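Here are a few short exercises to work through with the model open on your screen. Try each task before you read its solution.

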Amino acid sequence: LEEVLAATLVLEARLTEFRHENHRLRQMLNFEARSEHQLIAAEVVARDPSGWFQTVSINKGSLHGVAENLAVVTSEGLVGSVLAVSPVTSQVLLLTDSRRAVSAMVQRSREPGTVGVVEANADLPGYLRMINLPRDANIQPGDTIISSGLGGIYPQGLVLGYVLEMVEEELGLFRFALLRPAANFNRLEEVFVVVPGAAPAQGSEGAF
């Protein structure tokens, strides 16, 4: 009976994991079908525990059409960009790495004057902040922050995160917004590499 119970518990754990994987893949397939961009599906195959919020490795490379500086996303939002490429794998620099910054704006207002820069938050690893915001910027807690399309790497409209609170800079001339990332950086398993150009005709599929 103990052996049967142990086998049953193992089976239940595997079934739970399969259900979670099925849910994630359905979300990604729905995202791929709605996307305006051509996407390359990939799996995260390596991650350095000492640099958890810095880089990950994926199982697609130059032979699959991946190139340096292409944006990497999940169905939830922006993950980062391709840092280095080999024939069959690539290294992705995460949005939560201090070396990465993205020009961004508030989705609600889309005002040109509300364009700022989203970067890693050194004081809170795993969180982001939107800096260079004037004091009268039309931004508030709960707002969705998206890529502005400026800078040439990230297409416009990719979700970066959600405003948690506004914080005054030291001299009081500017503010920055503390953001919760849209993508779950604690658990990255499947991602998409965004390829410039229109999405392929409906019916074509990408494979992990």
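**Exercise 1. Find the polar partner of Ser 81's side chain, then place Ser 81 in the fold.**

Step 1: In this predicted model, the side chain of Ser 81 pairs up with the side chain of Arg 100 in a polar contact of 2.7 Å.

Step 2: Now locate the serine. Ser 81 sits in strand E4, which covers residues 78-85.

Step 3: Check the burial. Ser 81 has a relative accessible area of 0%, so it counts as buried, the cut-off being under 20%.

Step 4: Look at who surrounds it. Beyond residues up to four places away in sequence, Ser 81 touches Asn 69, Leu 70, Ala 71, Val 72, Gln 91, Val 92, Leu 93, Arg 100, Ile 153 and Tyr 154. Arg 100, the polar partner from step 1, is on that list.

**Exercise 2. Work out whether Arg 175 is buried or exposed, and which side chain of opposite charge is nearest.**

Step 1: Go to strand E11, residues 174-181, where you'll find Arg 175.

Step 2: Arg 175 is buried, and the nearest side chain of opposite charge belongs to Glu 168, 4.8 Å away.

Step 3: Compare that with the salt-bridge limit. A salt bridge has to be within 4 Å, and Arg 175 has none.

Step 4: Leaving out neighbours within four places in sequence, the contacts of Arg 175 include Met 130, Asn 132, Arg 135, Met 166, Glu 168 and Glu 169.

**Exercise 3. Sort Tyr 127 and Asp 136 by exposure.**

Step 1: Tyr 127 is in the loop between strand E7 (116-120) and strand E8 (128-134), while Asp 136 is in the loop between E8 and strand E9 (144-147).

Step 2: Tyr 127 has 33% relative accessibility, so it goes down as partly exposed. Asp 136 comes in at 68%, so it is exposed; the cut-off for that is over 50%.

Step 3: Tyr 127 also joins Leu 124 and Leu 164 in a nonpolar surface patch, with about 240 Å² of accessible area together.

Step 4: For Asp 136, try a distance check: its C-alpha atom is 8.9 Å from that of Phe 174, although the two residues are 38 apart along the chain.

**Exercise 4. Step back and describe the whole chain: how many helices and strands does it have?**

Step 1: Count 1 helix and 12 strands. Along the sequence, the helix is followed by the strands.

Step 2: Of the 208 residues, 40% count as buried.

Step 3: The chain exposes about 11,500 Å², with 53% of it supplied by carbon and sulfur atoms.

Note on methods: Residues numbered from 1 in each chain as written. Predicted model: local features only at pLDDT ≥ 70, side-chain atom pairs only at ≥ 80, totals over all residues. Heavy atoms only, no water. Helix = DSSP H or I, 4+ residues; strand = E, 2+ residues; numbered from the N terminus. Buried < 20%, exposed > 50% of the residue type's maximum accessible area, 1.4 Å probe, protein only. Polar contact = N/O pair within 3.5 Å; in protein donor to acceptor, adjacent residues only side chain to side chain. Contact = heavy atoms within 4.5 Å. Areas by Shrake-Rupley, 256 points an atom, 1.4 Å probe, with all protein chains shown as cover. Lys, Arg positive; Asp, Glu negative; His and termini not counted. Patch = residues over 30% accessible without salt bridge, like charges linked within 9 Å, V, L, I, M, F, W, Y side chains within 5 Å.
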